[in-house]
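I opened this notebook to keep a short record of what I looked up, in the order in which I looked it up.

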Amino acid sequence: MPNIALELGKQSATFGVSSIYGEQQDVAGVRMIPVALTWTGFGGGEDSSGNGGGGGGGYAVPIGAYIRRGDDLRFEPNLVMIAVIAIPLILVAGHSLTRVIRILKK
């Protein structure tokens, strides 16, 4: 029986920005290189009679792109996705901070 964890690890090595959003593109002399935050998770198991199984998944968030015009290379962020990620984090941090302040006041 093959080791499920090793097989999933081999398959996840090819999972990344290029597999989600494609390779860099050249449009009218401008090179665009996509940038994304990706993560994967896998699990597996086996019962006492030797029956096994596993599964996993992944997620990618487009962060922005590197734009090259001649010798100029800049990063242009995807402001919509940054806001989508930042707003919940700020809310959780604010909520946690208010709880910490309440505890410290006691």
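I first fixed my terms for exposure: buried means under 20% relative accessible area, exposed means over 50%, and partly exposed lies in between, with a 1.4 Å probe and protein chains only. The model is predicted, so I noted that local features need pLDDT of at least 70 and side-chain atom pairs count only at pLDDT 80 or more, while totals for chains, interfaces and linings use all residues. Residues are numbered from 1 along each chain as its sequence is written, and side-chain values use heavy atoms, with hydrogens and water left out.

Entry on the fold. I found three helices and four strands, taking helices as DSSP runs of H or I with at least four residues and strands as runs of E with at least two, numbered from the N terminus. Along the sequence, I read their order as α-α-β-β-β-β-α.

Entry on burial. Of the 106 residues in the chain, I noted that 9% are buried.

Entry on salt bridges. I counted two, a salt bridge being a side-chain nitrogen of Lys or Arg within 4 Å of a carboxyl oxygen of Asp or Glu. One joins arginine 31 to aspartate 26, with the closest N and O atoms 3.0 Å apart; I looked up both partners and found arginine 31 partly exposed at 30% relative accessible area, whereas aspartate 26 is exposed at 53%. Arginine 74 and glutamate 76 also form a salt bridge, at 2.3 Å from N to O. Here arginine 74 is partly exposed at 39%, and glutamate 76 is partly exposed at 31%.
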